[in-house]
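Colleague: Could you walk me through this protein before I head back to the bench? I would like the reasoning along with the answers.

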Amino acid sequence: MSMSDFDFSSNAGEYKNFRQISRDRLLHEMLRSTKTGDSKSTWKVLIMDKVTTKVMSSSCKMADITDEGISLVEDLYRRRQPLPSLDAIYFIQPSKENVVMFLSDMSGRVPLYKKAFVFFSSPIPKDLVNHIKSDTSVLPRIGALREMNLEYFPIDRQAFITDHERALEELLGENVENTRKFDNCLNTMATRISTIFASLKELPLVRYRAAKTLDGSAVATFRDLVPTKLAAAVWNSLEKYKSTIPNFPQTGTCELLILDRSIDQIAPVIHEWTYDAMCHDLLDMDGNKYVHEIPSKTGGEPEKKEVLLEDHDPVWLELRHVHIADASERLHDKMTNFVSKNKAAQLHQRDSNELSTRDLQKMVQALPQYSEQMEKLSPYKSLCLLSHLIMAMQIAGKINRTIREMGLRDLGQLEQDLVFGDVGAKEVINFLRTKQDATSENKLRLLMIYASVYPEKFEGDKGLMLMQLARLSPEDMKVVNNMRLLEGSSATKKKSSGGFSLKFDGQKVKNAARKDRTTEEETWQLSRFYPMIEELIEKLNKGELPKNEYLCMNEPSPPVPRSTDGASARTSQAPASQPVKSRRTATWARSRVSDDGCSSDSVLKNVSVDFKNMGQRIFVFIIGGATRSELRVCHKLTAKLRREVVLGSSSIDDPPQFITKLKMLSEKDISLDGIRI
């Protein structure tokens, strides 16, 4: 068994991002490869288990699957109707239970399907291969038996998860050492990470955050060793790929950095002011699903429509990583531009000199031709659909109202000033005393940031007094205590590192968890904060990661000079950092030149990146959940460093999810359902 000879690696042919490669492998290498001989024009049944169904749906749409000749998609564990005239494609995990189900389907005098093409999502143990081969009635009915080695879940063009929602609890929680739960989680996570590189045919230099010891005689805590254990398990899988996958590289072609959530406990809870992060933080969304209200055709109550905020929405694609104030201005400009070019809209405007965003939205929806335009337009005819623009305006309006009603600007400013060491206890206490109407969640998030920067303020009864002032419950206090648990609470470690190890370089300057980035241009208020992985990735790119803190499983020795010829374009050294930009005074709103809201140039401006002639890919994997600010940073650094930066994690968490998971580090009976505080 081996992967196909299809070469989807970045070193061959047209460059594709890893999400495109995942889609191509599923559709072409797996589904299309079964169209051979008498099966070429025959419709087939696709059978998957729970995990592979999620793998498929994260990369492909139902229309994509149907185009490849799939007439029916079935669940392996549901009772299925016999279809002896059709061939079946099995895309399943290589588990004993799945193999038994497959053999049951295809054995006997009359199997469920005519022929079976079997694809495993990860390497199959030899004993299961022998078990399949031993069934002589099934063997002649197998058209293919192969390992796809594709068991990860793309959530973005540059991000994936391994779908381990309880990783924080199972790998970093209390009393998990040497448990079956720990081993299963770690090994499955390692397998899924390694299939990324099997798909891309890339061999990474596997770097990881080393376990910290207090002195030469001390033993690292179990939690400190988790990145080391995961790196070893990933490398073990990659070593096997080197000998089993055709054309798999034998030397490093990219870089992988494995971290855990303790590296930055501020990023998951601080308010991130970009459009996408605000959507998930402030709106009642289910994953990427948003319920959009559209005008009723009968003139009654608005109709509710469920939409996905994903790559197919060009407006979301442009706005997702920009500041909410910038997004609001852009939307207003686009709608103003639309109205200025529409004669009917100009008649509605009459003598008004200036219209609000809401006025513009209502005006457009009231136009006689609005409904007709909505029905005629399709995603294939226009990059910027008017419907997407209307929806985005509705979303931005809701977010801005929530910001005003909850007083989030003042809170956001305090959060960022805390992180950069500009304020301290006095300002936090004053906020808690004067802002009693702030939500419990927002007060808890503020105190979590405060505890990260000033851990000594929570020693003894100090933390309890702060919680009482904030009118928070003992359950909330456990969240702050578990921040120490996640890091590994040690009095000596606190003194040596300033608590929680959230400072990048260990220098204690005015109790700041971040340093101002003087090379960055701050255009909008509340855009000062950056996640720690931004500095880590930049140091990795320059080869400046401290080698005693970040070890490598397969450090090349001696280093091979990087080539710059065409065949090795991806291994060329990334260009030097961009020159220092001039700083401008930060403002919440500023005037800007309007662009055409419905032109392809304006829609994808600042979005598209020329992935050709890139340097080596950088992968960053965070155990215990990643944040939307960290995803934003990966997109930003891809353009800045000219290297595709891919973010991986056990899950993507919004602040309420992270808080609930942090509680679970010391509690076994908390459910992940109903995670909002």
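Modeller: Happy to; what follows is a short round of questions and answers on this predicted model.

Colleague: Which helices and strands make up the chain, at least by number: how many of each are there?

Modeller: Both kinds of element are present in the protein chain. The count comes to 25 helices and 14 strands.

Colleague: What share of the residues counts as buried?

Modeller: A residue is buried if its relative accessible area is under 20%. The protein chain has 677 residues to sort in this way. The share that counts as buried is 55%.

Colleague: And of the exposed area, how much do carbon and sulfur atoms supply?

Modeller: The protein chain exposes about 30500 Å². Of that area, the part from carbon and sulfur atoms is 49%.

Colleague: Is Cys60 buried or exposed?

Modeller: The cut-off for buried is under 20% relative accessible area. Cys60 has 8% relative accessibility, so Cys60 counts as buried.

Colleague: How many disulfides does the structure hold?

Modeller: A disulfide needs two cysteine sulfur atoms within 2.5 Å. The number of disulfides in the structure is 0.

Colleague: Where does Arg528 sit, and which side chain does the side chain of Arg528 join in a polar contact?

Modeller: Arg528 lies in the loop between helix H21 (491-497) and helix H22 (532-542). Its relative accessibility is 18%, so Arg528 counts as buried. At 2.8 Å, the polar contact partner of the Arg528 side chain is the side chain of Asp516.

Methods
Residues numbered from 1 in each chain as written. Predicted model: local features only at pLDDT ≥ 70, side-chain atom pairs only at ≥ 80, totals over all residues. Heavy atoms only, no water. Buried < 20%, exposed > 50% of the residue type's maximum accessible area, 1.4 Å probe, protein only. Helix = DSSP H or I, 4+ residues; strand = E, 2+ residues; numbered from the N terminus. Areas by Shrake-Rupley, 256 points an atom, 1.4 Å probe, with all protein chains shown as cover. Polar contact = N/O pair within 3.5 Å; in protein donor to acceptor, adjacent residues only side chain to side chain.
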